[in-house]
Amino acid sequence: MKNGKLYGVGVGPGDKELLTLKALRVLREADIIAVPLMKNGARTAYEIIEEHVRDKKIIEFFMPMTKDFDELEKNYSAIADSIESHLTEGKDIAFITLGDVTIYSTYMQINRILQARGYETELVPGITSFSAAAARLNMALCERDEPLIILPASYDQTEAMLDMHGTKVLMKASRKIGAVRDVIKEKGLAQNAVMVECCGMENERIYKNLDDVDDKSSYFSIIIVK
């Protein structure tokens with residue numbers, strides 16, 4: 001029996017109309033949909049595609065938010081083992097992820113493991129959260145020769161990189177959003193910064209003034225600094 005194929009599918013930032021035609025085709029053709037779970041049990045990525053895959057088998061995987069490398073590797077390996085058991089049965093699997101599958105996506109670790117084991121994999125790109133946020137704000141991310149710099153907001157090197165020329169997009173601030181906001185203000189960049197929380201989702205919020213940002217903002221928050 002021929003092994004199944006694993007697809008990593010970006011389903012966009014939250015707005016159901018931003019699901020691409022290719023993603024929709026792959027989801028409809030797949031035998032199984034793999035769904036990441038948040039710590040609180042939320043299935044945010046699945047909510048975007050649910051109406052299209054109600055007849056599909058769904059398998060769920062908890063993806064911990066931690067910087068403990070050993071814990072993460074154990075979790076990745078366990079998920080890969082589970083997916084492999086279905087691939088060996090000839091089942092095609094679509095593993096969904098918010099935004100684009102190639103940008104800060106935990107899924108890519110699963111892809112790495114199963115590709116190394118010899119399984120066929122394919123990536124289906126999705127619309128990024130920062131592209132959607134810029135469109136929601138009716139603004140350009142970068143123009144002419146202006147660089148675009150994507151930063152993980154909660155990491156140490158981010159503060160220094162805010163000094164670079166160009167538009168900065170800060171992702172994954174989460175619980176450190178207050179500290180990130182303070183750094184932006186200290187560098188005199190607050191007047192050029194905006195934030196979109198949960199872009200395209202029902203609980204979307206737009207902040208033109210970072211002083212209005214709550215210290216416990218959502219993990220799905222994007223800060224754009226022009």
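# A guided tour of the salt bridges, a helix and some loops

The structure holds 13 salt bridges, and because the model is a predicted one, every stop below describes computed geometry.

**Stop one: Lys5 and its partner**

Begin by selecting Lys5, which you will find in the segment before strand S1 (6-10). With a relative accessibility of 13%, below the 20% limit, Lys5 counts as buried. If you display its surroundings and set aside the neighbours within four places in sequence, Lys5 is in contact with Leu87, Lys91, Asp92, Ile93, Glu120, Thr121 and Glu122.

Next, show the side chain of Glu120, since Lys5 and Glu120 meet in a salt bridge with an N to O distance of 3.4 Å. This pair links distant parts of the chain, for Lys5 sits in the segment before S1 while Glu120 is in the loop between H4 and strand S5 (121-124), and the two are 115 residues apart. Glu120, at 45% relative accessibility, counts as partly exposed, whereas Lys5 counts as buried.

**Stop two: Glu122 and Lys22**

Now move to Glu122, already named among the contacts of Lys5, and add Lys22 to the selection. Glu122 forms a salt bridge with Lys22, and their closest N and O atoms are 3.4 Å apart. Glu122 belongs to strand S5 and Lys22 to helix H1 (residues 21-29), so this pair ties together parts of the chain that are 100 residues apart in sequence. Glu122 has a relative accessibility of 22% and counts as partly exposed; Lys22, at 38%, also counts as partly exposed.

Which residues should be displayed together to see how these bridges are connected in a network? Select Lys5, Lys22, Glu120 and Glu122, which are linked in a network of salt bridges.

**Stop three: helix H7**

Go on to helix H7 (residues 177-186), and colour its buried residues, which are Ile177, Gly178, Val180, Arg181, Val183 and Ile184. What do the buried residues of H7 pack against? They pack against helix H6 (158-161), strand S7 (167-171), strand S8 (193-197) and strand S10 (221-225), so it helps to show these four elements alongside the helix.

Within H7, select Arg181 together with Asp182, because these two form a salt bridge whose closest N and O atoms are 3.6 Å apart. Arg181 counts as buried at 13% relative accessibility, while Asp182, at 35%, counts as partly exposed. Following the helix onward, you come to Gly188, which follows H7 and has a positive phi, near 70°.

**Stop four: the loop between S4 and H4**

Turn to the loop between strand S4 (93-97) and helix H4 (107-116), where Thr106 is found. Thr106 has a relative accessibility of 32% and counts as partly exposed. Leaving out residues up to four places away in sequence, Thr106 touches Met63 and Tyr76. For a distance to check in the viewer, take the C-alpha atoms of Thr106 and Ile79, which are separated by 11 Å although the two residues are 27 residues apart along the chain.

Tyr104 is found in the loop between S4 and H4 as well, and its backbone deserves a look. Most residues other than glycine have a negative phi. Tyr104, however, has a positive phi of about 50° although it is not a glycine. At 37% relative accessibility, Tyr104 counts as partly exposed.

**Stop five: Asn138**

A further residue to select for its backbone is Asn138, in the loop between helix H5 (129-136) and strand S6 (148-152). The phi of Asn138 is near 60°, a positive value in a residue other than glycine. Is Asn138 buried or exposed? With a relative accessibility of 75%, above the 50% limit, Asn138 counts as exposed.

**Stop six: a negative patch**

Finish on the surface by selecting Glu47, Glu50, Glu51 and Glu202, which form a negative surface patch. Of these, Glu47 lies in helix H2 (residues 44-49), and its relative accessibility of 47% means that Glu47 counts as partly exposed.

Methods
Residues are numbered from 1 along each chain as its sequence is written. This is a predicted model: local features need pLDDT of at least 70, side-chain atom pairs count only at pLDDT 80 or more; totals for chains, interfaces and linings use all residues. Side-chain values use heavy atoms; hydrogens and water are left out. Patches are made of residues with over 30% relative accessible area and no salt bridge: like charges are joined within 9 Å, nonpolar side chains (Val, Leu, Ile, Met, Phe, Trp, Tyr) within 5 Å. Accessible areas come from the Shrake-Rupley method with a 1.4 Å probe; for residues, only the protein chains shown count as cover. A salt bridge is a side-chain nitrogen of Lys or Arg within 4 Å of a carboxyl oxygen of Asp or Glu. Lys and Arg count as positive and Asp and Glu as negative; His and the chain ends are not counted. The place of a charge is taken as NZ of Lys, CZ of Arg, CG of Asp or CD of Glu. Buried means under 20% relative accessible area, exposed over 50%, partly exposed in between (1.4 Å probe, protein chains only). Contact means heavy atoms within 4.5 Å.
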